[in-house]
Every structure is written in C-alpha cells, then in structure tokens.
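Welcome, and thanks for taking a look at this one with me. Please load the sequence and the coordinates, and let us walk through the fold together.

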Amino acid sequence: MTTDLWEYRPGSHPAADLTLVGYEVHATDGPVGRVEQDAGDHLLVDADPWVPGTRVLVPAGLVARLDHLDRAVHLDCPRARLSTAPPAAAAVDLTDPHPG
C-alpha cells in the first residue's frame, strides 16, 4: 500500500484542533528547523538552523510520528531528501484552489 505524499499516514495525523506551528522538525539524520505554517497537506518549516535563511516545504506524507510532549515532528527521511522538495514559494500554489 502506498501513501500519498500530501496526506498524513495513518496514526501520524494531528488532532483536528491542534496546530503544529512552533514544533521542532527532525529528519532521520538531524534537526531541520521549526514549523512556521501548518497547511494540512504540508508543513512550511523555517530551516534556519540547518540552512540559514531557508524555508522548506515538507509534504505531510513524510511525517512518521508526532511527539506532543516534546512538541516535535519526526520525519522518516534524511535532510537531503528535503532539498528535493518544492520550493517554499510553492506553498501558496498548493493551498490556493484558484491560483491567480
């Protein structure tokens, strides 16, 4: 069974009334940054600690688990895979049903 890259995996989705803004994001090989925007199908992450001045779009399908006590999002991929994600500017296109 394959998982859609833009949908949370079963068991990794946050509660409907919970936002992940402010959560720390961790790849399998280290920290990525902090969630700046939680758009439902993706997270926009301020990756400044990893790559200064960079924002990264993280598809929801890469989220392996959430740790609400530590306010952390754990991904099941290395940081290098995130460098192939769409640019953060694409976040607007993904959330706007009527791109202009």
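The protein chain exposes about 5800 Å², and carbon and sulfur atoms supply 54% of that area. Keep in mind as you read that this is a predicted model. Of the 100 residues in the protein chain, 36% are buried. Among contacts with a separation of 6 or more, 48% link residues that are 24 or more positions apart.

## Confidence

Mean pLDDT for the protein chain is 83, with 82% of the residues at 70 or more. Residues 92–100 deserve some care: pLDDT stays under 50 there, and the model has six contacts beyond four places in sequence for this stretch. Where pLDDT is low, the predicted coordinates should not be read in detail.

## The sheet

Two helices and six strands make up the secondary structure of the protein chain. Along the sequence they follow the pattern β-β-β-β-β-β-α-α. The six strands form an open sheet with mixed pairing, in the order E4-E3-E2-E1-E6-E5. Strand E4 (55–59) and strand E5 (63–67) stand at the edges with a single partner strand each, so one side of each has no neighbour in the sheet. On average, neighbouring strands of this sheet are turned by 35° against each other, direction ignored.

Strands of a sheet pair through backbone hydrogen bonds, either parallel or antiparallel. Three of the pairings can be set side by side:

| Strands | Sense | Bridges |
|---|---|---|
| E1 and E2 | antiparallel | four bridges |
| E1 and E6 | parallel | three bridges |
| E3 and E4 | antiparallel | five bridges |

E1 and E2 form a hairpin, with two residues between them. Within this pair, Ala27 has Gly30 of E2 as its bridge partner. On the parallel side, the bridge partner of Val25 in E6 is Val73.

Strand E3 covers residues 42–46. Its Leu43 is bridged to Val58 of E4, and Leu44 is bridged to Leu57 of E4. Although E4 stands at an edge of the sheet, four of its five residues are buried.

In a regular strand the side chains alternate between the two faces of the sheet. For E1, the covered face holds Val25 and Ala27, while Glu24 and His26 are on the uncovered one.

## The nonpolar core

Which residues touch the most other members of the largest nonpolar core? Of its 20 residues, they are Leu20, Leu43, Val58, Val73, Leu75 and Leu82. The elements giving two or more residues to this core are strand E1 (24–27), E2, E3, E4, E5 and strand E6 (72–75).

Leu75 shows how this plays out for a single residue. Not counting residues up to four places away in sequence, Leu75 touches Val25, His26, Ala27, Thr28, Val58, Leu62, Val63, Ala64 and Leu82. Val58 and Leu82 in that list are also among the core residues that touch the most other members.

## Two residues of strand E2

Is Val35 buried or exposed? Val35 sits in strand E2 (residues 30–38). Its relative accessible area is 3%, under the 20% cut-off, so Val35 counts as buried. Setting aside neighbours within four places in sequence, Val35 is in contact with Leu20, Val21, Gly22, Tyr23, Val25, Leu43, Leu44, Val45 and Val73. The C-alpha atoms of Val35 and Arg55 are separated by 9.5 Å, with their positions 20 residues apart along the chain as the offset.

Pro31 lies in strand E2 too. With a relative accessibility of 47%, Pro31 counts as partly exposed. Beyond its neighbours within four places in sequence, Pro31 is in contact with Val25, His26, Trp50 and Arg79. Pro31 and Pro49 are 18 residues apart in sequence, and their C-alpha atoms are 7.9 Å apart in space.

## A backbone detail

Arg71 is worth a quick look in your viewer. Arg71 lies in the loop between E5 and E6. Its phi is near 50°, a positive value in a residue other than glycine. Arg71 is partly exposed, with a relative accessible area of 40%.

Terms used. Residues numbered from 1 in each chain as written. Predicted model: local features only at pLDDT ≥ 70, side-chain atom pairs only at ≥ 80, totals over all residues. Heavy atoms only, no water. Buried < 20%, exposed > 50% of the residue type's maximum accessible area, 1.4 Å probe, protein only. Contact = heavy atoms within 4.5 Å. Areas by Shrake-Rupley, 256 points an atom, 1.4 Å probe, with all protein chains shown as cover. Pairing = 2+ DSSP bridges. Axes fitted to C-alpha atoms, helices over the stretch in contact; angles between N-to-C directions. pLDDT = per-residue confidence, 0-100. Core = buried A, V, L, I, M, F, W, Y, C linked by side-chain atoms within 4.5 Å.
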